[in-house]
Amino acid sequence: LAAAAPEAAAGPAWQGKCPWGAPNTTSISCSLADVMSEQLAKELQLEEENAAFPEVVAAAEGPFITGENVDTSSDLMLAQMLQMEFDREYDAQLRREEKKINGDSKVSISFENYRKVHPYDSDSSEDEVDWQDTRHDPYRADKPTTTPRRGFIGKGKDITTKHDEVVCGRKNTARMENFAPEFQVGDGIGMDLKLSNQVFNALKQHAYSEERRSARLHEKKEHSTAEKAVDPKTRLLLYKMVNSGMLETITGCISTGKESVVFHAYGGKSATEDKVIPPECAIKVFKTTLNEFKNRDKYIKDDYRFKDRFSKLNPRKIIRMWAEKEMHNLTRMQNAGIPCPQVVILKKHVLVMSFIGKDQIPAPKLKDVTLNSEDMKKAYYQTLNMMQQLYKECNLVHADLSEYNMLWHDGKVWLIDVSQSVEPTHPHGLEFLFRDCRNVAQFFQKGGVAEALNERELFNAVSGLNITADNEVDFQAEIEALEKMNEDHVQNHGKKLATFSSDGDPPIYDE
Ligand code: ADP
Ligand code: MN
């Protein structure tokens with residue numbers, strides 16, 4: 001009550017300046033209403049704080065933690081989140097300082113290197129280069145410049161060695177200049193401050209550890225969280241998406257596969273106006289545990305689109321490439337009008353796309369849904385159509401097409417999981433297509449669609465080729481011969497065939 005009184009009394013004086021305008025009532029005496037409103041304010045603030053964090057915390061404690069050390073990992077997560085908030089404010093301050101220093105000058109200096117949080121959109125590759133080790137260390141001990149070599153000056157009683165307290169103290173103070181520009185050390189030089197070695201070393205240590213803090217966030221040990229659904233780095237990436245408002249909440253895990261984990265999320269607001277975030281999103285996190293990906297080499301290694309890049313890449317980058325491939329392939333499909341998830345954003349190995357399903361319930365896979373014969377027939381013709389479109393308009397072969405990667409939603413089939421999809425002229429492209437055709441033909445034939453083509457007919461219908469072999473073995477052999485012809489052409493001419501042509505016609509070459 002006592003504290004509220006002077007504030008109320010001061011009312012008239014600050015009224016004019018108050019950014020929120022003048023209060024409606026100014027009472028000199030301390031009223032119950034003042035106390036109430038202060039409490040209300042506190043309550044409101046608390047509410048706001050609670051509103052800002054619970055989903056994130058819930059998400060952090062929910063689907064992301066599967067290891068046994070649940071508490072430590074969520075603590076780490078929370079600590080990182082808080083640190084990120086702090087770092088963000090810190091960076092904002094740094095930016096203001098930078099602006100103040102640079103003014104209108106044509107030549108400007110940058111504090112970029114001293115920032116804690118690297119901008120959300122920058123594609124920093126902190127896990128490729130261990131910049132903690134390679135970066136220039138600004139705090140390395142300076143060579144003394146003023147003390148002569150022999151280590152002392154003066155004569156007799158007045159001798160001053162380099163260990164002299166005063167000289168040392170001043171020098172230490174001067175060396176504070178070498179700390180990062182935003183590291184507040186005060187005006188030590190101006191007031192002839194003398195820092196003892198002990199104090200200076202403690203300060204230096206502190207400046208040093210501040211500097212390294214953001215680096216420590218990306219420490220190597222975080223890479224080895226093999227057993228968890230997602231590692232701290234990924235969690236942070238997801239948190240950033242929620243924090244930036246792009247996603248509203250991450251509700252839970254839809255699927256945990258060998259190579260990816262898929263989450264459901266409610267979409268938020270886009271930073272740019274031209275982009276609309278779908279109300280519900282699926283987040284596909286490509287697993288950063290590397291061993292699982294080894295057997296997928298053949299898809300990507302021979303994909304000429306990625307050929308130049310493959311040899312130079314480390315395994316971590318290859319995983320990002322899977323995510324990138326899925327994004328590109330989905331975009332091609334989207335452009336051709338094939339029902340498939342719409343790409344929202346790609347961040348490293350995390351792909352956000354529209355959710356196929358409703359109210360957190362994913363659309364069922366074709367293998368899990370019981371369709372009546374009419375819908376089954378409809379699904380078949382639609383699949384045939386999509387395979388043709390995929391081949392002709394998108395220049396793609398799905399390469400993992402089956403009832404597992406087709407969802408039934410809104411009375412139609414949706415294609416998903418296209419990270420392994422390749423162009424038909426991929427050295428194994430036609431083999432992949434044949435395998436897809438086998439899966440599709442078998443599924444619909446078993447499903448009772450009398451009109452369903454067999455695998456060889458389907459292959460010809462999709463590819464436009466006219467392979468006449470009437471048995472599987474010969475058919476396969478012809479496919480491989482075609483692939484080899486294409487490869488030879490690449491060897492001899494340095495470019496691929498644009499398409500495989502049907503029997504008899506000369507091949508069509510790329511311009
Ligand atoms: P994987 O490589 O693990 O098979 P998928 O892309 O097939 O990855 O995703 C795994 C599962 O997650 C799918 O079978 C499907 O049930 C679900 N899923 C993936 N993407 C979506 C999406 N956009 N909307 C709804 N569910 C999805
Ligand atoms: Mn799948």
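This is a short tour of a predicted model, starting at ligand 1 and ending at a pair of helices.

**Stop 1: the ligand.** Select ligand 1 and show the residues around it. You should get 15 of them, with Ser 260, Lys 284, Ile 356, Lys 365 and Asp 417 coming nearest. Color that shell by class and you'll see eight nonpolar, four polar and three charged residues.

**Stop 2: the polar contacts.** Stay on ligand 1 and zoom in on Ser 260: an N or O atom of its side chain is 2.9 Å from an oxygen atom of the ligand. Next, pick Asn 405, where a side-chain N or O atom sits 3.1 Å from an oxygen atom of ligand 1. Then go to Ile 356, and this time look at the backbone: one of its N or O atoms is 2.8 Å from a nitrogen atom of the ligand. Now switch on a surface. On its own, ligand 1 has 550 Å² of accessible area, and the protein covers 90% of that.

**Stop 3: the strands.** Turn on the cartoon and pick out S4 (260-267), S5 (280-286) and S7 (350-354). Each of these strands gives at least two residues to the shell around ligand 1.

**Stop 4: a helix pair.** Leave the ligand and select H15 (residues 455-463) together with H16 (residues 472-493). Their axes come within 11 Å and cross at roughly 25 degrees. That angle is under 35 degrees, so H15 and H16 count as roughly parallel to each other. For the contact itself, show Glu 455, Arg 456, Phe 459 and Asn 460 on H15, which meet Glu 472, Phe 475 and Ile 479 on H16. By class, the residues of this contact are three nonpolar, one polar and three charged.

Definitions and conventions:
Residues are numbered from 1 along each chain as its sequence is written. Chains are lettered from A and ligands numbered from 1 in the order in which they are written. This is a predicted model: local features need pLDDT of at least 70, side-chain atom pairs count only at pLDDT 80 or more; totals for chains, interfaces and linings use all residues. Side-chain values use heavy atoms; hydrogens and water are left out. Axes are lines fitted to C-alpha atoms, for helices over the stretch in contact, and angles run from 0 to 180 degrees between N-to-C directions. Helices (H or I, at least four residues) and strands (E, at least two) are DSSP runs, numbered from the N terminus. Angles under 35 degrees count as roughly parallel, over 145 as roughly antiparallel, 65 to 115 as roughly perpendicular and the rest as oblique. Contact means heavy atoms within 4.5 Å. Ala, Val, Leu, Ile, Met, Phe, Trp, Tyr, Cys and Pro count as nonpolar, Asp, Glu, Lys and Arg as charged, and the others, Gly among them, as polar. A residue is near a molecule or strand if one of its heavy atoms lies within 4 Å of it. A polar contact is a pair of N or O atoms within 3.5 Å; within protein, one must be able to donate a hydrogen and the other to accept it, and residues adjacent in sequence count only if both atoms are side-chain atoms. Accessible areas come from the Shrake-Rupley method with a 1.4 Å probe; for residues, only the protein chains shown count as cover.
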